[in-house]
Amino acid sequence: MDQFDPAAVAASVAEKAGHFIGGEWVVEGAAHIGVARPSDGVVYASAPLGDAQRVDHAVDNAKRAFRTSGWPRMAPRERARILRRFADLIAADTATLAPLEALGSTRPVRDVCAWDVPFTAEGIRFYAEFADKLGGEVVATDYDHLGMTIAEPYGVVGAIAPWNFPLVMASWKIGPAFAAGNAVVLKPSEMTPFSVLRLAELAIEAGIPPGIFNVVQGDGATTGDALVRHPDIAKVTFTGSTRAGSAIMAACAQSGTKPVTLELGGKSPQIVFADAPKLDEVARRIAGAIAVNAGQVCVAGSRLLVERAVADELVSRIEQAIAELRAGATWASGTTLPPIISETQAARIEGIVERSVAEGATLYCGGRRADAPVPGAFYLPTILTGVTAQTEAVRAEIFGPVLTVQTFDTEEEALALASHPEYGLAAGVHTADIGRALRLVRALEAGTVWVNRYGRSNDFMIPTGGYKRSGMGKDLGRQGYEAHLRFKSVLIDTRT
Ligand code: NAD
C-alpha cells in the first residue's frame, strides 16, 4: 500500500477512541485531548485524558489478570505459541494497521508497510522465542547444598511510549514483558494514541488473556505520572525525552524504588575519515540518517564530523542526496520527506536554526519550511557549517532534519568532537582502516556504534540503549528480556 484516503481512516478511529482495559473498550465522558494529524494539522479525533482513577482501574485489571489468568504460570512454550500467533496477526493486519499508524504519525504509509509493521511483528516473534530460554541457573555451592536462581516476572509493568514510531516502540516494551509472563499497562503518546489500540485488540484475538495488555490514554503530567507512581506497578519502562526520563526516574524513586528502564534522547555523531570507501554511499548514508522520518529519530546522526580533506566533497554530495526528498502527506504515494509532528515542534526547530546562525553558523542549505501539497509543518533538510561545540544546534537534540558539520585533522580531534556533554546514544564511524574503527568503537562513549553503516538491522539480538543521559538499561536483545524478569535466589540444605 502506498496511499490511502485519510477521511475514511479518520472515521474508523473516532469509533474506538478510548482506553482498552481488561479486554474491553472504555470510552470516557470527561476530559479529552484533541489529536491532530501532522500531515495537515486537522484534528481528526480526540483521546481521553486518563486520570488517577482510570489508571487505577487499568492497573487493577492488570493485577487481577496477572493473578488469575494463568499467564505467568503457563508453560513457557504455550506462552510463546500465543505470542507467535500475536506476531502473525500483526503482520497479517498490515492493511488496517498501516493507515492507522500513518494517519496520526509522521510515518509515510509505504514505509509503515515495508518497515514499521513487519518490524513490530518480528520484535514480538523474537521475544516469543525467549519465553523458554532463560529460567535461571543452578549455582556452585557446598556439596550438601543446592543453590539456584529462578527467573520470575515482576507482575504489572508500566510502559510509556513516545510518538515517533508508535507501533515499533510499543513492541519493544510489550514483547519482552509478555514473554517473561508480566501484565502491562501501556500509555502511548497523547499525540499518537490510536494504533496501539489495534495491537491490544489483536492480542485478545491471539489468546493473550484479557487484562494482560491494557492501554490507558492521556498525557505525561496526569496519566503518565499516575501510572509511574501507582503502588502496584512493579517495574517501569520508558522511551522518550531525557527531561521526562529524569522526572520518571525521580517518580520511581519516590513511589517505591521501582526498577526502571530509560531509553532517552541523543545527539549522535557520524565520524567520516578521508579513507572511507565509496564516498557517494557514505553521503547517502549520512543523508538518510538525518532525513529519515524528517530527523525525528532518537538515533538521528545529527552531528557530522568529517576529515578536512574530504569535507567539501562529502557535504556537497549530502546536499545532492537530500535535495531529492519530496515533502508530502503520510497518506500520499511518493512522500519521502514527512511532516514534523506539530507546529510547536517545527517552530522549535526553526528557532534553534535561526539562533545558531545568529551565533555564527553558516546555512549551507535548507533553513526554512519546505513547500508541500498539504498544510502540515514541513521543514527542509538543513545543513549548518561553521559551528562549534557551543553552537545551540550542536548541543541540543533538535529532533528535526538538521545536520551540523565540524571538521577534524586527527583521530584524537575526531574523538574529542564526538564526545557530547550530555548524550551518548549512538555513533557512526566510516573508515577503511579496521584498526582505527576498533579503536573508536572502544573509545566512543555511546550505547551503540555502527561501523560503515548507520542504523539498525533486523538483528534483534543487538540491544539498544544509551550511555550517559541517553538512558539506562537496554531494549532488545537478551538484556531487554532480562530487564522484565527478577531473579529469586534459592538455597536448599540437603542434609535434613
Ligand atoms: P516525551 O518525553 O515528551 O514523551 C514520551 C512519553 O512520555 C509520552 O507518552 C508522554 O506523555 C510521557 N511523559 C512525558 N512526561 C512524563 C512524566 N513526567 N511522567 C510520565 N510520563 C511522561 O518524548 P516524545 O516527544 O514523545 O519523544 C521524543 C523523544 O523520545 C526524543 O527525545 C527521542 O530521542 C526519544 N526517543 C528515544 C528512543 C530511544 O530508544 N532511546 C526512541 C525513540 C524516541
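User: Before the ligand, what is a polar contact here?
Analyst: A polar contact is a pair of N or O atoms within 3.5 Å. The model in question is a predicted one.

User: Then which atom of Gly220 lies 3.2 Å from the ligand?
Analyst: A backbone N or O atom of Gly220 lies at that distance, and its partner is an oxygen atom of the ligand.

User: And what does the side chain of Ser241 do?
Analyst: An N or O atom in the Ser241 side chain lies 2.6 Å from an oxygen atom of the ligand.

User: Which atom of the ligand lies 2.8 Å from Leu264?
Analyst: That is a nitrogen atom of the ligand, and its partner in Leu264 is a polar backbone atom.

User: How much of the ligand's accessible area does the protein cover?
Analyst: On its own the ligand has 850 Å² of accessible area, and the protein covers 90% of that.

User: How many residues surround the ligand, and which are the closest?
Analyst: There are 29 residues around the ligand, the closest being Trp163, Glu190, Ser241, Leu264 and Glu397.

User: Let us turn to pockets. How much space lies in the largest pocket?
Analyst: The largest pocket holds about 1100 Å³ of space. Its lining consists of 43 residues, and those closest to the centre are Phe238, Gly240, Ser241, Arg243 and Ala244. Ser241 is also among the closest residues to the ligand.

User: Which elements give two or more residues to that lining?
Analyst: They are α6 (166-179), α8 (220-229), β10 (235-239), α9 (242-254) and α12 (343-358). The largest share comes from α9, with six residues.

User: What is the make-up of the largest pocket's lining by class?
Analyst: The lining has 21 nonpolar residues, 13 polar and nine charged.

User: Why does the largest pocket lie between the domains?
Analyst: Domain 1 (6-264 + 472-488) and domain 2 (269-459) both give residues to its lining, so the pocket lies between them.

User: And the second largest pocket, where does it lie?
Analyst: The second largest pocket also has lining residues from both domain 1 and domain 2, so it lies between them. About 550 Å³ of space lies in it.

User: Which residues lie nearest the centre of that second pocket?
Analyst: Of its 24 lining residues, Trp115, Val292, Tyr454, Gly455 and Arg456 lie nearest the centre. Two or more lining residues come from each of α5 (109-128), α6 and α10 (279-291). The largest share, four residues, is that of α10. By class, the lining divides into 14 nonpolar, five polar and five charged residues.

User: Change of topic: how many cavities of 30 Å³ or more are there in the whole structure?
Analyst: The search finds two. In the largest cavity there is about 60 Å³ of space.

User: Which residues lie nearest the centre of the largest cavity?
Analyst: Ala300, Ser302, Glu397, Ile398 and Phe399 lie nearest, out of 13 residues that line it. Glu397 is also one of the closest residues to the ligand. The lining has seven nonpolar, four polar and two charged residues.

User: What about the volume of the second largest cavity?
Analyst: Its volume is about 50 Å³. The residues that line it include Tyr44, Leu100, Pro166, Met191 and Phe194.

User: Which helix gives the largest share of that lining?
Analyst: Helix α4 (residues 94-104) does, with three residues. By class, the lining of the second largest cavity has six nonpolar residues, four polar and one charged.

Terms used
Residues numbered from 1 in each chain as written. Predicted model: local features only at pLDDT ≥ 70, side-chain atom pairs only at ≥ 80, totals over all residues. Heavy atoms only, no water. 1 Å grid on protein atoms, 1.4 Å probe; cavity = no way out; pocket = protein on both sides within 12 Å on 5 of 7 lines; lining within 4 Å. Points joined across faces, edges and corners; volume = space filled by probe spheres on them. Nonpolar A, V, L, I, M, F, W, Y, C, P; charged D, E, K, R; others polar. Domains from an automatic or database assignment. Near = heavy atom within 4 Å. Polar contact = N/O pair within 3.5 Å; in protein donor to acceptor, adjacent residues only side chain to side chain. Areas by Shrake-Rupley, 256 points an atom, 1.4 Å probe, with all protein chains shown as cover.
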